[in-house]
Amino acid sequence: MPDPRAFRIDVGPFRLEPTPDVGTWTAVPREADGGVASGITAAWSDWVAFAEKVSRADELWREREARGDAWDEGFSAAGDAAATNPYR
């Protein structure tokens with residue numbers, strides 16, 4: 001069975017290419033043919049920590065958008081044209 005650490009990992013707008021050092025991967029833009037590296041090489045634990053931070057930022061953004069949408073709905077029902085949404 002081949003070592004799964006030798007396979008690239010596609011993650012949206014970039015991919016992680018394995019390096020000769022088994023424990024690290026290098027970020028490469030999706031459009032890059034021939035493996036033009038971004039210069040960011042990190043261990044697996046670093047990429048996992050990065051993914052957790054991105055996930056948390058997305059969660060915060062979605063929460064803020066939901067609050068803004070709720071505020072819009074509430075004040076549009078009230079009919080107050082002078083009100084401004086503090087979440088936008």
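This report describes the fold, the sheet, the aromatic cluster and the polar contacts of one protein chain.

**Overall fold**

The coordinates come from a predicted model, and every value below was computed from that model. The chain has 88 residues, of which 16% are buried. Its secondary structure comprises 1 helix and 4 strands, and these elements follow one another along the sequence in the pattern β-β-β-β-α. Among the contacts between residues at least 6 apart in sequence, 5% join residues at least 24 apart.

**The sheet**

The 4 strands make up an open sheet with the order E1-E2-E3-E4 and antiparallel pairing. Its edges are formed by strand E1 (9-11) and strand E4 (41-43), each of which pairs on one side only. From one strand to the next, the twist averages 30°.

Strands E2 and E3 run antiparallel and are joined by 5 bridges, and the two form a hairpin with 5 residues between them. Within this pairing, Phe14 stands opposite Pro29 in E3. On the other side, E3 pairs with E4, again in the antiparallel sense, over 3 bridges. Strand E3 is largely enclosed by the rest of the structure, because 5 of its 6 residues are buried.

**The aromatic cluster**

Which residues do ring pairs link into a cluster? The members are Phe14, Trp47 and Phe50, and the chain as a whole has 3 aromatic pairs. Two of these pairs share Trp47, and they are described here in turn.

Phe14 and Trp47 form a tilted pair, with 6.3 Å from centre to centre and 40° between the planes. This pair links distant parts of the chain, since Phe14 belongs to strand E2 (residues 14-18) and Trp47 to helix H1 (residues 44-78), 33 residues apart. The other pair, Trp47 with Phe50, is edge-to-face, because the ring planes stand at 80° with the centres 6.1 Å apart, and an angle over 60 degrees is what places a pair in that class. Trp47 and Phe50 both lie in helix H1, 3 residues apart, which is about one turn of the helix.

The three residues of the cluster can also be set side by side by their accessibility.

| Residue | Relative accessible area | Class |
|---|---|---|
| Phe14 | 23% | partly exposed |
| Trp47 | 10% | buried |
| Phe50 | 41% | partly exposed |

Why does Trp47 count as buried? Its relative accessibility is 10%, and the class of buried residues takes in values under 20%. By the same reasoning Phe14, at 23%, counts as partly exposed, as does Phe50, at 41%.

**Trp47 and the nonpolar core**

Trp47 is also a member of the largest nonpolar core, which has 5 residues: Leu16, Trp25, Ala27, Ala42 and Trp47. When residues up to four places away in sequence are not counted, Trp47 touches Phe14, Leu16, Trp25, Ala27, Ile40 and Ala42. The ring pair with Phe14 and the core membership therefore both involve a residue that is buried, at 10% relative accessibility.

**Polar contacts within the strands**

Two side-chain contacts add to this picture. Thr26 is found in strand E3 (residues 24-29) and is buried, with a relative accessible area of 10%. In E4, the bridge partner of Thr26 is Thr41, and the side chains of Thr26 and Thr41 are also joined by a polar contact of 2.6 Å. This pair of residues is thus connected both through the bridge between the strands and through side-chain atoms.

Arg15 is found in strand E2. Is Arg15 buried or exposed? With a relative accessible area of 8%, Arg15 is buried, and the side chains of Arg15 and Glu17 are joined by a polar contact of 2.6 Å.

Note on methods:
Residues numbered from 1 in each chain as written. Predicted model: local features only at pLDDT ≥ 70, side-chain atom pairs only at ≥ 80, totals over all residues. Heavy atoms only, no water. Phe/Tyr/Trp six-rings, centres within 6.5 Å; stacked < 30°, edge-to-face > 60°. Buried < 20%, exposed > 50% of the residue type's maximum accessible area, 1.4 Å probe, protein only. Polar contact = N/O pair within 3.5 Å; in protein donor to acceptor, adjacent residues only side chain to side chain. Pairing = 2+ DSSP bridges. Axes fitted to C-alpha atoms, helices over the stretch in contact; angles between N-to-C directions. Core = buried A, V, L, I, M, F, W, Y, C linked by side-chain atoms within 4.5 Å. Contact = heavy atoms within 4.5 Å.
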